[in-house]
Amino acid sequence: MPPETQDPCPPLIVSTEQQGLPFWQPERQRQRHSQPQQHLADPCPAFYQQTSNEILKLKLTLAVQRLMASHIALKILAVFVVAAPIVYLGGVLYSLITGAPIQLGLLKVYSVIIRVPGAKVTEEKSLAAFLLMNFFFLVGLFSFAVLIGIVSEEIKTQVKDVRGGNYSVITQGHTLVLNWNRQSMPLLRKIAEDSHGCTRTLGRELVILSEEPKDRMDVEIAKSRQIAKSGIKVVTREGAPHCVRDLESVSAGSARTVILLHPENAKDGDTKKAAAVLGLEVARNDLAAPPQQQQQQAKHGQQTQQQQVILQRIPGDPGQVRLFSLVNGTVSSGRDMALVEVNGNRSLARLIAQSAVQPGVANIYSSIAESLPGVPDFQLRTCGVELEGRSYQEARRSYKSAVVCGYVSHADGATHLNPRDGDVLHAADRLILLAHPGGVPARSAAAAAGGASATTDLTALQGQLQGATNSPSRPKKVVVLGWRGGIADLAAAIEEFASPGSEVVFVSRWSYPDLPANSRNCSFSYLEGSPFDHDACRRAGVGNCNSIIIGKRIQEIPEIAGCTLDCEGGDAKAADARSMASLLVVQDIVSAAAAVKAPDTPPHVVAAIHRIGTVRTAKHILKGLGPGCLTAELLTPNEIVSSQLLQVANEPGLAPALAELIDNSPGSQGIYLRKPECFNLDGARLVPFAEVVELARLRGETALGHVAGDGTLALSPGAAAAHLYGGRGSRVVVLASR
């Protein structure tokens, strides 16, 4: 190859035969290299130069990145360090061109670069000096822009960090919410609305710690008008509630109340919650005073404020139950921390089934749980010395404006709902009252003769009750649209509450392998078809049935038991959209059937709604039917569960009672609707509520209120309140075991 055409950088791959092996190479290695192999030869100088330039560029880039990530003072110092040689060079050049002293040249160039007021570049007499000063003016313009950019970017970053940063929260006596799930926003809204008077107990400062992204939580909170209007302070922080360091960053040890929710989309949620409880105990102990100081405080009557931890519990396997029992035992050994477990996994299948058979029960549960305006809620009141040694009958009669539903024993902490009248109370026992919020229910001075019921002739009432006619309920026809998952639980619940001869038809595009066979009370059948198909719904008997169940098995924590939030794979919005589509189909069929022949009793719809905004849409659909065509109960499980958490956070002693009422498992106390005929009330006269209470007690039940014929609900109306019990649709609301 001619010299002028040779490649300046020859190929780097050469053979060992060309290179040869050193004479000191061991014989074994020389044999290994006896075959021709390819190796890299030494690079050419051009390669070294290119590599050096790239390395230099990378080093400069890294230095600039480190500088931009450093403190703002260091950035400004770096600008001045770079500008100092430029100022000195400009001063020397200006002195050489104009003959002025170098000090004057430095001052001139410095004034132009940093744009000192009064510095001018147009007064130079020579062209060279004029061009020089204009050049440094442009250099100063660039330097000033860089300086302004650094300062403004630093301010912008600081403001962004303040708004969305994870700075430690230094506070005390606040309410701390750990984890984020579907009950978080309903819980915050109800705190903002001061449901159950919770702000008196929980305060108006809430801190949320969750692994959910902070910006996502902030966006959800900002959308709530209730929170914005309430003025409560909500601070969000992103972190792991099961990490002690993250708990300390939100002052978990000094929180007055901690609400520990089940983490969203976490299969190991129980483990994380157990670790969070132990972390809370560690954070609490770190703030505890030394033993000597605690003894001094005890001598002066100063006690450390107890921290209430409300744990949303999801039923799991026996191993998880054992885990929480160990955690509870560890926490119970401490004196300044109380752990209260709340069952947060409400399938509500039994409540939906009961509402389909006894319309109105779900609304009563929801009204009490959600503390709707004008509806009483459950409260605890200490018996006091006035009721020491008195019977439960005397205690319940002592309240005129509240209904006594049971009591919590101070001896063993057990909750007794609808107990026997002969139970003897002690001063430290606490009564469970159903009373209107806004004050302590008045109690008469003499417990034995306090209420109007104390003067009621019990002998006459017993005779009246003997003449009561307990007419059996009629068989029901129930149509279930689009229910999937937990079908055995729903069928068993319907069978428990329905009368013999009832018929249940399931309409779905999926088969039900766990559909039970016909039982002694109900006959179950399956009709393949879409819940949005008019023909399938007509063949199922939607037009002439008694009740219609729309929706699916509600599972607030979707990952538990392998169940997704929506049975068809969508989210809450899609599930509600399908429910509304089914409701439109029901509306069309029912209105067409009513035009031919008006039913004696309009069909009753029980629908499970995931989002509170969908309730307004459903009410708009039902309003178009007109009165008397269709009745409906719209359950919002997330609202019910969040309300229960809030009630327990406000009054931890209510946890067992609320769990028993909401679960309503067989053998437990629940809310039922009784016909007035069961008490021999024929609607011929106005009957005071105190008399109804005594009639119910003779049946082993507790009367809570009544439902008028037009559907108006009145709970805890007062002992002297008289009502006309009788007529179609009139019911007495009772607390009973069945």
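In this short talk I will walk through a predicted model of one protein chain, beginning with the whole chain and then turning to single helices and pairs of residues.

Let me start with the overall picture. The chain has 738 residues, of which 47% count as buried, and its secondary structure comes to 25 helices and 24 strands. If we take the contacts in the chain with a separation of 6 or more, 76% of them are between residues 24 or more positions apart. The chain exposes about 36800 Å², and carbon and sulfur atoms supply 56% of that area.

Since this is a prediction, we should also ask how confident the predictor is. The average pLDDT over the chain is 77, and 76% of the residues score at least 70. Over residues 1-41, however, the pLDDT is below 50, and this stretch has 35 contacts in the model beyond near neighbours in sequence. The pLDDT also stays under 50 over residues 446-452, a stretch with 15 contacts beyond four places in sequence.

Now please find helix α25, which covers residues 689-698. How many of its 10 residues are buried? Nine of them are, so the helix is largely enclosed by the rest of the structure. Those buried residues are Phe689, Ala690, Glu691, Val692, Val693, Glu694, Leu695, Ala696 and Arg697. What do they pack against? Their partners include two helices, α17 (392-397) and α18 (458-466), as well as the strands β10 (403-408), β20 (686-688), β21 (702-707) and β24 (731-736). After α25 comes Gly700, whose phi is positive, near 80°.

You will have noticed that the buried residues of α25 include charged ones, among them Glu691, Glu694 and Arg697. As a reminder, side chains of opposite charge can pair when their charged atoms come close. Glu691 forms a salt bridge with Arg685, and the closest N and O atoms of the two are 2.7 Å apart. Is each partner buried or partly exposed? Glu691 has 11% relative accessibility and therefore counts as buried, whereas Arg685, with a relative accessible area of 42%, is partly exposed. Glu694 and Arg697, for their part, belong to a network of salt bridges that also links Arg396, Arg397 and Asp421.

The count for this model comes to 18 salt bridges, and I would like to show you two more, each of them within a helix. In the first, the side chains of Glu220 and Lys223 meet at 3.9 Å, N to O. These two residues are three apart in helix α9 (residues 214-223), so about one helical turn separates them. Lys223 is exposed, with a relative accessible area of 59%, while Glu220, at 32%, counts as partly exposed. In the second, Arg539 and Asp535 meet at 3.1 Å, N to O, and both lie in helix α20, four residues apart, which is about one turn of the helix. Both ends of this bridge are partly exposed, with relative accessibilities of 49% for Arg539 and 43% for Asp535.

Staying in helix α20 (residues 534-540), we also find Arg538 there, and at 48% relative accessibility Arg538 counts as partly exposed. Which residues does Arg538 touch, leaving aside its neighbours within four places in sequence? The contacts are with Asp588 and Ile589. The C-alpha atom of Arg538 is separated by 9.6 Å from that of Val590, although the two residues are 52 apart along the chain.

Let me turn to the aromatic rings, where the count comes to three pairs. In one of them, Phe135 and Phe136, the ring centres are 5.3 Å apart and the planes stand at 75°, so this pair is edge-to-face. Phe136 is buried, with a relative accessible area of 3%, but Phe135 counts as partly exposed at 49%. Another pair, Tyr392 and Tyr407, is tilted, with 6.1 Å from centre to centre and 45° between the planes. This pair links distant parts of the chain, for Tyr392 is in helix α17 and Tyr407 is in strand β10, 15 residues apart, and both of these residues are buried.

Finally, let us look at the surface, where Leu104, Leu107, Tyr110, Ile114 and Val116 make a nonpolar patch of about 410 Å². Of these residues, Tyr110 is found in helix α5 (residues 102-113), and its relative accessibility of 38% means that Tyr110 counts as partly exposed.

Conventions: Residues numbered from 1 in each chain as written. Heavy atoms only, no water. Buried < 20%, exposed > 50% of the residue type's maximum accessible area, 1.4 Å probe, protein only. Contact = heavy atoms within 4.5 Å. Patch = residues over 30% accessible without salt bridge, like charges linked within 9 Å, V, L, I, M, F, W, Y side chains within 5 Å. Areas by Shrake-Rupley, 256 points an atom, 1.4 Å probe, with all protein chains shown as cover. Salt bridge = Lys/Arg side-chain N within 4 Å of Asp/Glu carboxyl O. pLDDT = per-residue confidence, 0-100. Phe/Tyr/Trp six-rings, centres within 6.5 Å; stacked < 30°, edge-to-face > 60°.
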